[in-house]
Structure formats: C-alpha cells, structure tokens
Amino acid sequence: MRRACLSLLSAAILSLSFAASAAPAPEARGSVVTAARMLDVRSGRMLKDVQILVQDGRIKQVASDGRALEGGAGLPRHDLGNMTVLPGLIDMHVHIDSDPTFSGYSYLQFNDRFWSAVSVTHAQKTLMAGFTTIRNLGADDWNDVGLQQAIDQGRVVGPRIVPAAYAFGATGGHCDSTYFPPSMRDRNEYNADNAEEARRSVREVRKYGAQVIKICATGGVFSRNTEPGQQQMTYAEMKAVADEARMWGLKVAAHAHGTTGIREAIRAGIDTIEHASLIDDEGIRLAKQNGTYLSMDIYNTDYTQAEGAKNGVLEDNLRKDREIAELQRQNFRRAHQAGVKMVYGTDAGIFPHGDNAKQFAVMVRYGMTPVQAIQAATLNAAEALGRNDIGVIEAGRYADLVAVPGDPSTDVTALERVGFVMKGGVVAREQ
C-alpha cells in the first residue's frame, strides 16, 4: 500500500511538473512601459521620454531621450503618460503579521492563525503602495516564511519577502515575551543567553526558512520591562550570531536603540542597525568606518502618538516612544550628514501596512534630499540586502517598477500616490 501511494504521488508530481513546464509564464511575451520621466537612482538624474522593454519578468532594455528600443514591436504597452517611473520600492523593516489596531493586550482576543490570515491583506496593501520588496524582521509562528512561499508560488498577491522568521535576543529582553506572569510560561524558545546558544538559534531559524537573522541588542519601546537604552546582548553573543550567519551566507539585522548596544553591534559585524535612536558620535564613526547601514524608522511615532492609546498601546510604551522620538530624528540628521549609509526601514505594523511611503517626507524634513530618500529605498536597500536583481531600473534586473504622478525628485510626497505597480513583469496595479 505504501509503495502504491508513493507511486501515485510520484506520478502526480511528474504530471504537475510537466504542466508547469508546458504552460508559458503569464509575462513570457513581455511588454513595453512608457512614461514621461524615469529616475535613474544611480546618478540621481531624471531621464525623459522613457521606454522600458520587459521580457520573462526582467528588464531587457531601457531607452530614453528619444532613443528607440531595439525590439518590443507588437508587445502589449503600458503608456503611463506624464508619470515618473522608479524602481520598485524596498522597505527594509516591516512586521507583516502585525496590526497596530490591536495593540497592548487587545490582540489576545484572536486565535493564533488570525495573524497568518491578516498578513495576506497586509501584503496586498504593501504591494499596491509600490513596495515590491520587503524585509520582514520578526514574525510569530513562521507567518512571514509561509507568506513568502505562498507569494512565490503565485497563490497570494504580495511583494518579494526576505523573512527573518523569529527574532531573538536575551531572556527577558525585547525579543522575548515580556507581557505575562510566570504562570503563563510564555517565552521565546530561541532566546540566546551565551554565544553557543546564539549560534544554535541562527541555525534553527535558518533551517525553517529565515533568509535574514534578526536579533535584539537592546531594550525596546514596544516591550514591557525593558528600556530602549539598555544593552541586552553581549558583544560575544552578537559576534557569534554575525559569524554564524556569515558562514551560512546570511545578513544580520540588530534592533538597537541604545548607545552602547549600537556600538557593540557594529563592532561585532552586524550588517544593519535598526532604529539606532540613541546613536552617538562614536557610533556614527564606527558605522561609517565599517560600512554598516542604519535603518531608522522616523515616521511611525506620528501614528503611535496619535492613535496608539485608542489601539490599546500601554502608557509605558507611549512614554518610551515620546522620549526617544525627537532624539532619533535628530540623530538621523547627524548620521546622514556624516555620510553613514542609510536604508529605508519603517517598522510597518507599528502603523498600518500600505502607509509605508509616509516616511519619505519625514526623511526629507530631517535632512535628506528627495532623491537621497528614494535611493535609501531602492539602490541602498538592494545593496544592503546583497542583491543585484532589484532596486535599479537596468537590463537584467527584475522588472519591478512603480510610477507616480508628477516629479518625486522635487515633491517626495508623490510617492504616497502610486498609480502603477509592476512586479517581475506582471502588473499589479494600473490606474
């Protein structure tokens, strides 16, 4: 019976494989995208009268300023008129299975699988907002891994996802469960309280689908019984994480608000520092010296302070948010002025998914030009991910394209009004 079942299963797999190989991909014939302008994120220049030839999900050719395409005749055309085309945007810090309208203890009214279900809608909203790639820095129950697989298999509509699965840190720290009494026995099973445990946690989460490692080096705003400035992982533990991840070919992101935790994370070889709220001159110097990227979520406090209390956020969390908000924004300005590499990370899930682009205006307000803010969400983000297939509109990269009305290089709020989204050559949104 077992052999018969295996034979049937093998036949079914072969049949499905043949059907998949025989059926042409929906974007195989390709298309041509035309628009009045395109931002070249490498040079920061705006190109005019652009034509982009897309084939097999990739960009085959880009022509501008009156030059003709060498091909594309007879292909479907997407004429975007007076819009500006940019590379698909990249948000380097989201929590796709989090919904800010259920904060504090209010989320406990739902079954665990509720969060798996709502993450599908969150993914759709994120893609429609022009974010064709996200890095998900922490999820429960492997929700981001499962969602990524469903999107890649074409079962669900959403962005490319680089999942971290379970983020981890020290027992009692920000990545642990800190809201419940001992009788609940609720803890993060990937807690790492020494270097060997840190190595094992990297191996465990990678085994089950993590494509980036997320650790919590310091306390946080939205945990209980931790303060943002407190260092919670030792240098030895963080270095063990960085070394182990590097051996497996993975990048590491460290949640780090506090000054000493930021410095130690950079020295340990962490690739991106998340939040970096209380970074000092030495931390800025180290980040620049080591080529460490800062991902500073300087928009979300606007939402939290306006809506958090009614959503159930505890007063202690609102207090911490208030205390570090302006410090983080001024340190963003200082780090950018010093020439530290910056990427676009919003912490979406603390505010509603789909509103990711609202951070661009805040980055400009605190010292970036519109083009620099866009580069943080395209070119810089792709480089920080170690990817050369996204983030730039050029031949060979995925055809991840967005278009907005007007000129976002002069009015960055145009990025909040996305009118066209293409991911891998497939149109997801076209007004």
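How many bridges join strand β12 to β13? Two bridges link β12 (residues 293-295) to β13, and these strands run parallel; in β13, Val-343 is the bridge partner of Ser-295. The structure is a predicted model, in which local features need pLDDT of at least 70, side-chain atom pairs count only at pLDDT 80 or more, and totals for chains, interfaces and linings use all residues. Residues are numbered from 1 along each chain as its sequence is written, and side-chain values use heavy atoms, leaving out hydrogens and water.

The two strands belong to an open sheet of five, ordered β9-β10-β11-β12-β13 with parallel pairing. (Strands pair if DSSP finds at least two bridges between them.) At the edges, β9 (213-216) and β13 (342-343) each pair on one side only.

Zooming out, the protein chain has twelve helices and 16 strands (DSSP runs of H or I, at least four residues, and of E, at least two, numbered from the N terminus). The chain's radius of gyration, taken over C-alpha atoms, is 22 Å, close to the 22 Å from the globule rule (2.2 Å times the number of residues to the power 0.38) for 431 residues, so the chain is as compact as a globular protein of that length. Of the 431 residues, 55% are buried, meaning under 20% relative accessible area with a 1.4 Å probe, protein chains only; exposed is over 50%, and partly exposed lies in between.

One residue of that middle class is Tyr-107, partly exposed because its relative accessibility is 31%. Tyr-107 sits in the loop between β6 (89-94) and α2 (112-128).
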